[in-house]
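Me: Please take a close look at one part of this model. Start from a single site, then work outward to the helices and loops. Keep it brisk.

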Amino acid sequence: MTPSGFDEIPIVSLAGIGGTSRERRALSATVGRACHEVGFMVVTDHGIPDSVVDDVFDLMRRFFALDVAERSMIDKRRSPHFRGWEAVGSELTNNRVDVREQIDVWSEWPVSDAAHGPVHDRLHGPNQWMPTDLLAGQREITERWMSELGDLADRILGLLADHLALRDDFFVDLFGDRPMSLTKMINYPPTPPGGAGVNAHHDTGFLTLLAPGSVAGLEVVNPAGEWIAVPIVERSFVVNLGEMLQSMTGNYFVATKHRVITTEPRMSAAYFHGPSLDTSLDPIGLDHRFADAVAASPRHSSAGFMASAAETRSGVSDMTSMHRAGTYGEQLWNYFVRSYPANVAQHHPDAVADRI
């Protein structure tokens, strides 16, 4: 740590995760400190087979090489559950257009009755998959990726639970019986002047794992307002925290603002680990020393959340909302209303999105 907060992203080996109790305690302290002080880290020795990542990047290269008519077979605009491919410029982040195209794949659960229950239950549903003759192996490769990275995310959450003096399986148990996780397979063209591949934001969910590829571009802002480049480390994953974990730990762990700006074409694959939609975001009971650490840090005590669409219209700036969603489902629905207003209006006109 420096007077500006941090000037580099920590690189952490997870080799001790299956070691002795002493090695695990030391690793838990290192990971917990990185998540408290920075909110980002690069992890090596993570145990994910190379083939899992290689297959996903090969899949992306094959998909993004298809012509637009073929990619449009799984156009996200057709999905009331916000799944599928979207063209460059389809997503808004903080009311700014992102210069990237991507495929979104979520955990699959049966479609909920739209007439009953909370509006966010409408996020349950099927993914869109390409015909196998055009994109062989898409479903199998994606589902293996999500399974492997889900297991890694659970192991990292076990370390964070240790750091917080909770049971190792605290967060795994918290996730409930219908976890909703997301994979984004992203293709960035070179960023135009004044733009961003993805604009500055916090992640919405719980824990993010990113395979960044071979091209740099991801940047993280430190408390002094300086943009710090995330290094490319071969066969590593970038790990960062979302606003759910910030909320639940009373701002002890932080969701740190980040963006992508690239001077050359870039592909990356992200996995966002999430619980059941009805999971409460109420702060969990932690030892007083964690609250004391938050109170002693202006950065942590003042850490806000991304403004909802309604807040943005009323003048609340990007990451300064003090509103905490009550559940993960509410948190996700706010994200979709903010990022895909046309999709919401098309498929859910009765949801009164402008009040969220």
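Reply:
**The site and its surroundings**

Asn-251 counts as buried, because its relative accessibility is 2% and the cut-off for burial is under 20%. The model is a predicted one. Asn-251 sits in the loop that joins helix H6 (243-248) to strand S13 (258-260). Which residues is Asn-251 in contact with, leaving aside neighbours within four places in sequence? They are Gln-246, Val-294, His-300, Ser-301, Ala-303, Phe-305 and Arg-324. Helix H7 spans 288-295 and helix H8 spans 298-301. Both of these helices help to cover the buried residues of helix H1.

Now H1 itself. This helix runs over residues 21-37, 17 residues in total. At 1.5 Å a residue it should span 24 Å, and its end C-alpha atoms are 24 Å apart, so the two agree. Buried in H1 are Arg-24, Leu-27, Ser-28, Val-31, Gly-32, Ala-34, Cys-35 and His-36. An α-helix has 3.6 residues a turn, so residues three or four places apart point the same way. The cover over the buried residues of H1 also includes strands S1 (11-13), S2 (40-44) and S12 (237-241), along with helix H4 (138-163). After H1 comes Gly-39, with a positive phi near 85°.

H4 deserves a closer look. Two packed helices are described by the angle between their axes and the distance between the axes. For H1 and H4 the angle is about 90°, and the axes lie 8 Å apart. The two helices are therefore roughly perpendicular, since that class covers 65 to 115 degrees. H1 brings Arg-24, Leu-27, Ser-28, Ala-29, Val-31, Gly-32, Arg-33 and Cys-35 to the contact. H4 answers with Gly-158, Leu-159, Leu-160, Asp-162 and His-163. By class, this contact of H1 with H4 has six nonpolar, four polar and three charged residues.

H4 also packs against helix H2 (residues 50-64). Here the angle is about 140° and the axes are 10 Å apart. Why are H2 and H4 oblique rather than roughly antiparallel? Roughly antiparallel needs an angle over 145 degrees, and about 140° falls outside that class, so the pair is oblique. The crossing of H2 past H4 is left-handed. On the H2 side, the contact uses Ser-51, Val-52, Val-53, Asp-55, Val-56, Leu-59 and Arg-62. On the H4 side, it uses Gln-138, Ile-141, Thr-142, Arg-144, Trp-145, Glu-148 and Leu-149. Seven of the residues in this contact of H2 with H4 are nonpolar, three are polar and four are charged.

Next, the loops around these helices. Most residues other than glycine have a negative phi, and most peptide bonds are trans. Asp-45 has a positive phi of about 55°, although it is not a glycine. Asp-45 belongs to the loop between S2 and H2. With a relative accessible area of 51%, Asp-45 is exposed. Ala-165 is not a glycine either, and its phi is positive at about 60°. Ala-165 lies in the loop between H4 and helix H5 (170-174). Ala-165 is exposed too, with a relative accessible area of 54%.

Two prolines come next. Pro-110 lies between strand S6 (101-106) and H4, in the loop. Its relative accessible area is 51%, so Pro-110 is exposed, the cut-off being over 50%. Residues up to four places away aside, Pro-110 touches His-124 and Arg-178. The C-alpha atoms of Pro-110 and His-202 are 29 Å apart, with their positions 92 residues apart along the chain. Pro-275 sits in the loop between strand S14 (266-273) and H7. Is Pro-275 buried or exposed? Pro-275 is buried, at a relative accessible area of 0%. Residues up to four places away are again set aside: Pro-275 then touches Phe-175, Arg-178, Pro-179, Met-180, Phe-206, Met-244 and Tyr-328. Arg-178 thus appears in the contacts of Pro-110 and in those of Pro-275.

Tyr-328 leads to helix H10 (residues 328-339). Its twelve residues reach 16 Å from first C-alpha to last, close to the 16 Å expected at 1.5 Å a residue. Eleven of the twelve are buried, so H10 is largely enclosed by the rest of the structure. The buried residues of H10 include Tyr-328, Gly-329, Gln-331, Leu-332, Trp-333 and Asn-334. Tyr-335, Phe-336, Val-337, Arg-338 and Ser-339 are buried as well.

How values were computed: Residues numbered from 1 in each chain as written. Predicted model: local features only at pLDDT ≥ 70, side-chain atom pairs only at ≥ 80, totals over all residues. Heavy atoms only, no water. Helix = DSSP H or I, 4+ residues; strand = E, 2+ residues; numbered from the N terminus. Expected span 1.5 Å × (residues − 1). Buried < 20%, exposed > 50% of the residue type's maximum accessible area, 1.4 Å probe, protein only. Contact = heavy atoms within 4.5 Å. Axes fitted to C-alpha atoms, helices over the stretch in contact; angles between N-to-C directions. Parallel < 35°, antiparallel > 145°, perpendicular 65-115°, else oblique. Left-handed = near helix turned anticlockwise from the far one by under 90°. Nonpolar A, V, L, I, M, F, W, Y, C, P; charged D, E, K, R; others polar.
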